[in-house]
Amino acid sequence: MTTTLPVPLPARVLLLGSGELGKEVVIALQRYGCTVIACDSYGNAPAMQVADESRVFDMSDPQALREVLDSVDVDLIVPEVEAIATDELSAYEERGVRVVPNAFAVQATMDRQRIRNLAASLPGVHTSAFRFARSEAELAAALDEVGYPAFVKPTMSSSGHGQSRVTGPEQAASAWAHAEEDARATTGVVIVEEGVDFDYEITLLTVRSWDAASGSVVTSFCAPIGHRQEGGDYVESWQPMAMSESALEGARQMAKAVTDALAEAGNGPCLGIFGVEFFVKGDDVWFSELSPRPHDTGMVTMVTQAQSEFELHARAILGLPVSTAQSTPGASAVIKSTSAVDIPVYNGVARALETADIVRIFGKPVSRAGRRVGVVATTASTPKEARVIARRAAAGITIDDASAPSA
């Protein structure tokens, strides 16, 4: 397909997925005059609250997605979640509508089976041992091959949904059931990953952008982001993560190899930001996962970089100049609900802002305990100091239910 870069502005964008990351992408795109139509499975999702238009439908339903795609006239289709009928995107890409980063990349990265097989096939890209299973019996056999401890994950999911840490064969049945019941979308396949003995894990935000001077796509990297997870879901992140030059160079080479492969196998320039996750032990680095969009751990860049990951994504997909330079160390910590709430009231925001740089309340319905509903981010002279400030500020924000009867 032929792509004009930079993209003529104002552009029309269809955003598939309207979570908190999409909300920031909408804001960044609108600063360049773009009109954004935000889509999700429920109304008034975070990105819909700031978008120009919205659509509510099941994005994993091919017919429903096809009907929406047929009803809009857009220049770019920008996926933000995993649960999308990705095969439909290829047809629209063939008609000349650009999919970000491209339809193949979206299909490959939103299915752990495809992206892991692709990464493992590339020279110089190291992954942990892995197997795929299509039944409880196959899962038990795969666990015996990979060894214990291991992680069982749905092939289409994120933020720890459906993930289990398995330490013995007696846990195979419950791991299979959890993957089937809690996945973002059910594929009937799980991945079994070797439990790597790592020191820490990072997200390396990798940007493919258009360089007008050379007339070519270039790859650049943000400073590495360290993060801590609980149950597979991020709870804090910090930038930069201290690591050896050898480990950082290894991560950069692997991130470029995988994103280049996605570009070569698909159509178009394959522009945008990729959240590439790695396990690190000393100088050894293992590729873990890749998201073709801003990453939740990258919300820390809202305070650490002049161009946040959302600004970088918007600029890159539009063919505009980017800079991944970091301006200061910083950290982020999430705000989670402790229970389901009908009408949330957030307390402690003013107190949090006495020490933190920003507080972002996502505007999600507080539908269950443990749901991520906001984030705090702050800068400091060191990442360690920033982590302490961010954690304390986030912990001080509580949620009441305005609909609950008073005592």
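In the predicted model, the domain assignment divides the protein chain into domain 1 (1–99), domain 2 (129–194), domain 3 (197–327) and domain 4 (330–401). The C-alpha centres of domain 1 and domain 2 are 31 Å apart.

An open sheet of 5 strands shows parallel pairing in the order β3-β2-β1-β4-β5. The edge positions are taken by β3 (53–56) and β5 (98–99); each has a single partner strand, so one side of each lacks a neighbour in the sheet. Within this sheet, strand β1 (residues 12–16) runs parallel to strand β4 (residues 76–79), and the two are joined by 4 bridges. Leu-15 has Val-78 as its bridge partner in β4.

Helix α5 spans residues 112–120, and its buried residues are Arg-112, Gln-113, Ile-115, Arg-116, Leu-118 and Ala-119. The elements covering these buried residues include α4 (103–109) and α8, together with the strands β6 (130–133), β7 (150–154), β9 (190–194) and β15.

Nonpolar side chains tend to be buried together in soluble globular proteins. The largest nonpolar core of the model has 49 residues, of which Ile-202, Leu-204, Val-258, Leu-262, Phe-278, Phe-287 and Val-376 touch the most other members. Helix α8 (residues 245–265) supplies the largest share of this core, with 9 residues. The core lies between domain 3 (197–327) and domain 4 (330–401), because both give residues to it. For Leu-204, the contacts beyond four places in sequence are Phe-221, Cys-222, Pro-224, Leu-248, Ala-251, Arg-252, Ala-255, Phe-274, Gly-275, Val-276 and Phe-278. A second core, separate from this one, contains 36 residues, among them Ala-47, Met-299, Val-303 and Leu-318.

Phe-221 and Cys-222 also appear among the residues touched by Thr-324, alongside Val-207, Ser-220, Gln-305 and Leu-312, when residues up to four places away in sequence are not counted. Thr-324 is located in the loop between α10 (309–318) and β16 (330–336). With a relative accessible area of 15%, Thr-324 falls under the 20% limit and is therefore buried. A polar atom of the Thr-324 side chain lies 3.0 Å from the backbone oxygen of Phe-221.

Thr-379 belongs to strand β19 (residues 372–379). The relative accessible area of Thr-379 is 23%, so this residue counts as partly exposed, the range for that class starting where the buried class, under 20%, ends. Apart from neighbours within four places in sequence, Thr-379 contacts Val-303, Thr-328, Pro-329, Gly-330, Asp-357 and Ala-386. One of these residues, Val-303, is included in the second core. The C-alpha atom of Thr-379 is separated by 33 Å from that of Ile-37, which is 342 residues away along the chain.

Glu-236 is a residue of strand β13 (residues 233–239). Its relative accessible area is 1%, and Glu-236 is therefore classed as buried. The side chain of Glu-236 forms a polar contact of 2.9 Å with the side chain of Arg-387 and another, at 3.1 Å, with the side chain of Arg-391. Both arginines are in the contact list of Glu-236, which leaves aside neighbours within four places in sequence and also holds Gly-226, His-227, Arg-228, Ser-332 and Ala-333. Between the C-alpha atoms of Glu-236 and Val-207, 29 residues apart along the chain, the separation is 22 Å.

An unreviewed UniProt entry places the feature "binding site" at Glu-20, Leu-21, Glu-80, Asp-296, Lys-364, Arg-371 and Arg-372. Asp-296 sits in the loop between β15 (284–291) and α9 (301–304), and its relative accessibility of 12% makes Asp-296 a buried residue. Lys-364 is found in the loop between β18 (358–361) and β19. Lys-364 is likewise buried, with a relative accessible area of 12%. Beyond four places in sequence, Lys-364 is in contact with Glu-20, Tyr-42, Pro-46, Arg-371 and Arg-372. Of these contacts, Glu-20, Arg-371 and Arg-372 are also positions of the "binding site" feature in the UniProt entry.

Terms used. Residues are numbered from 1 along each chain as its sequence is written. This is a predicted model: local features need pLDDT of at least 70, side-chain atom pairs count only at pLDDT 80 or more; totals for chains, interfaces and linings use all residues. Side-chain values use heavy atoms; hydrogens and water are left out. Buried means under 20% relative accessible area, exposed over 50%, partly exposed in between (1.4 Å probe, protein chains only). Contact means heavy atoms within 4.5 Å. Domain bounds come from an automatic or database domain assignment. A polar contact is a pair of N or O atoms within 3.5 Å; within protein, one must be able to donate a hydrogen and the other to accept it, and residues adjacent in sequence count only if both atoms are side-chain atoms. Two strands pair if DSSP finds at least two bridges between them. A nonpolar core is a set of buried Ala, Val, Leu, Ile, Met, Phe, Trp, Tyr and Cys residues joined through side-chain atoms within 4.5 Å. UniProt positions are given in the numbering used here, feature names are shortened, and annotations may be inferred rather than shown by experiment.
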